[in-house]
Amino acid sequence: MKSRKSFYKNAVVKQDFRQFGWISLVYLVSLLFTLPLGLLQIASRKYVIFTDYKNYLMVNPEIQIVLYFAVPVAAGLLLFRYIQNEASVDMVHSLPIRRETLYFSHVISGLLLLIVPIILTAVITYFVTNTIEGFSGILTVLDLLSWFGVVTLLTCMMFSFSIAVGFITGMSTVQAILTYIFLFLPIGMVTMVTYNLSFLLFGFTTASIEEKLMYLSPFLRFVGTWDEPQPYSTLEIMIYIIFTVFFFVIGLVLYKLRQLERATDVIAFSFLKPIFKYGVTFCSMILGGSYFSATGDLNRNWIIFGYIIGALIGYTVAEMVLLKTWRILRLHFFTGIIIYSVVFIVVLLGIKTDLINYEANLPRMDQIEEVYFGNKYDMQELIRNEIDPFSDNKLFIQDVRNLHEEIINQKDFIESQKYSDVNKVQGFITYRMKNGKQFTREYQLPADAFQKHLTPVMESEGYLVNQPEFYQVQRKDILNIRINPVGPGHHVNTITISDKKEIDEFRREIEKDILSQSIEDLVSPASPWAYIDIEYKRNNNEEHIFDGYSIDWKKSYENVTNWLDEHDYLEDARIDANDIKEAEMTIVTPQNPAEEMFSAEEYYKTGQKHATITDNESLKTIIRHFTEYSSDHTYYVKLILKDGNEWYGSIPDQYMTDEMKGKLK
């Protein structure tokens, strides 16, 4: 019994309840308004789809997230607020109570104040759910227990985190600010560092990090769980439990080491002050570099300027905060910034000179098991659909490796084309190595300059079968297919194909065209004839949710065109030369102010020379290569349709015939 008495003090717990019991009351009322009352409000709506609510986190999720990430932090701040006040910290620690006992007493008080409202809310929610017929069969007891477990864990973790942060600083306001900064610091740091490496390191890719970023922030991870039947995996739950225990232990250790006279200090431990100072400097520096890289079109001089300005601002602010004065210009200030600058310059030079051989590294053929080449987002989509995007074809692997070798050799040229408007191909290369590892690089390749090496890669089956539209047309659950012609809005006639036999035939024609594309077809900027919208069958409880995919009917898809013609769909399926009365063409010079325009119509109106084209062959050429979205072309055109509509776009220079050019002289 004696050891239990030394573990915590009933008097301290009772005092906490008298002083901070209102926290528990506010939390309870807020939870009741959010969950049980929220369920009743949803049920009272005139139109409601109960199956949309897959778990209790989807009921007023915006309010829930505020509660779980605000109330526990406030509780941790208030229960240990005495440690941040010079008068109260001396008074409390003059009592014959050990620090461990005080710590555990306040922790127990806080947990009771926070968990009891969750238990009461769960009980009331159970009865409310059973009274609502629409929810009783959807939201089960297991769902409620899952909600209770997740919310309790998040509440305890945020409470322990707030306490641990509180002992690092001697000011309550700084404790609150640092708690939320640290909450987002991992994801912010990783995002900024990887973004900066993407333009400092040739070939660096963020693909392996992008999908995992949300796991670095409990806040963003919680946001991502709203529409998931099972919000968190068992591994995540275990990690959160470990972090919660870790923060409670760290809080105890820091409390025992904390010097009482550190109250009102921004950072309470001397060994943490350099970490704080240089951490702020580094974060400010990469933020400055990121800002000037975005506003300065990745110009290297502006990026370096951003690093310098960011580091100076960050270092200066950190010094002012730590010293609590603006009078910081002393020898210590200058020596600190010089040391930081030297270290940063060494690291930057190491990156730019490729000391670790990252940019020039190329695996040998005998090391490669399989390879993927394409778009990183397409690859991620295929993996999500449980499709292996890698190819083990030796010829394809060799072609990709040859392309990769040429990319490394042409590094300077590729980087010089970063800001040009030339047509580019995303070269995302991932090798699956024989040792089980993956080797990934990402480049933006000028299509014309690399056509020789891109052709065998992009025209191979290993590349074409990984096109997202190829997977979509292979699905067997297609409900119907709609063809929406590209062109002026009110000219469009939508065609619907719903016959099962016709759908299957049409699907096979699309497959043939996808697999027979040339590199010119793949990189062509030409607007498609139409958008082929595929709608898939849905489960009974998801009939209100649209499930579909849109595919471009490219002008090179001859099999699709022939099939539509054979089935008498072609005439209404697209705008072709027969729908055009005439075309008015103009030249837009590079020096023209149109460079700052955004629409084809704006570009067209800046042209000086104009010509009217009416012959059918020229109109066929124009519509074949016509594109609505391009700012790097010289020849812009206004198509005047027979129904009176006007359609603005441009034509790539290489497709202009001598006859058309002659009319503009």
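**Two open sheets, a helix pair and the empty spaces**

Residue P485 has A530 of strand β6 as its bridge partner. The model is predicted, so local features need pLDDT of at least 70 and side-chain atom pairs pLDDT 80 or more, while totals for chains, interfaces and linings use all residues. Numbering starts at 1 along each chain as its sequence is written, and side-chain values use heavy atoms, without hydrogens or water.

Strand β6 (residues 530-536) runs antiparallel to β4 (residues 478-485), and 7 bridges connect the two. Strands here are DSSP runs of E of at least two residues, helices runs of H or I of at least four, numbered from the N terminus; strands pair when at least two bridges are found. β4 and β6 belong to an open sheet of 4 strands, ordered β5-β4-β6-β7 and paired antiparallel. Its edges are β5 (495-497) and β7 (548-553), each of which pairs on one side only. From one strand to the next the twist averages 20°. Helix α22 (residues 500-515) lies across β4, β5 and β6, at about 60° to β4. Contact means heavy atoms within 4.5 Å; axes are fitted to C-alpha atoms, for helices over the stretch in contact, with angles from 0 to 180 degrees between N-to-C directions.

Another open sheet of 4 strands, also with antiparallel pairing, follows the order β9-β8-β10-β11. β9 (610-613) and β11 (646-651) are its edge strands, each pairing on one side only. Neighbouring strands are turned by 25° on average, direction ignored. Between β8 (residues 580-587) and β9 there are 4 bridges, in the antiparallel sense; E584 is matched there with T612 of β9. Helix α27 (residues 616-625) crosses β8, β9, β10 (635-641) and β11, and runs at about 70° to β8.

Elsewhere, two helices pack together. The axes of α14 (residues 300-323) and α15 (residues 331-352) come within 11 Å and cross at roughly 150°. From α14 the contact takes in R300, I304, Y307, A311, L312, Y315, T316 and E319, which meet α15 residues including H332, F333, G336, I337 and Y340. By class the contact has 10 nonpolar, 3 polar and 3 charged residues (Ala, Val, Leu, Ile, Met, Phe, Trp, Tyr, Cys and Pro are nonpolar, Asp, Glu, Lys and Arg charged, the others, Gly among them, polar).

The empty spaces come next. On a 1 Å grid over the protein atoms alone, a cavity holds a 1.4 Å probe that cannot get out, a pocket is an open set with protein on both sides within 12 Å along at least five of seven lines, and lining residues have an atom within 4 Å of a point. Points join across faces, edges and corners, and volume is the space filled by probe spheres set on them.

The largest pocket has a volume of about 770 Å³. Of its 31 lining residues, D521, L522, V523, S524 and K554 lie nearest the centre. β7 and α27 each supply at least two lining residues, as do β2 (424-433), α21 (468-474) and α23 (519-523). The lining comprises 12 nonpolar, 10 polar and 9 charged residues.

The second largest pocket holds about 660 Å³ and has 27 lining residues, with S198, F199, F204, E442 and Q444 nearest its centre. Helix α9 gives the largest share of this lining, 6 residues.

There are 2 cavities of 30 Å³ or more. The second largest, of about 40 Å³, is lined by V486, S527, P528, W529, K555, I575, I623 and W647.
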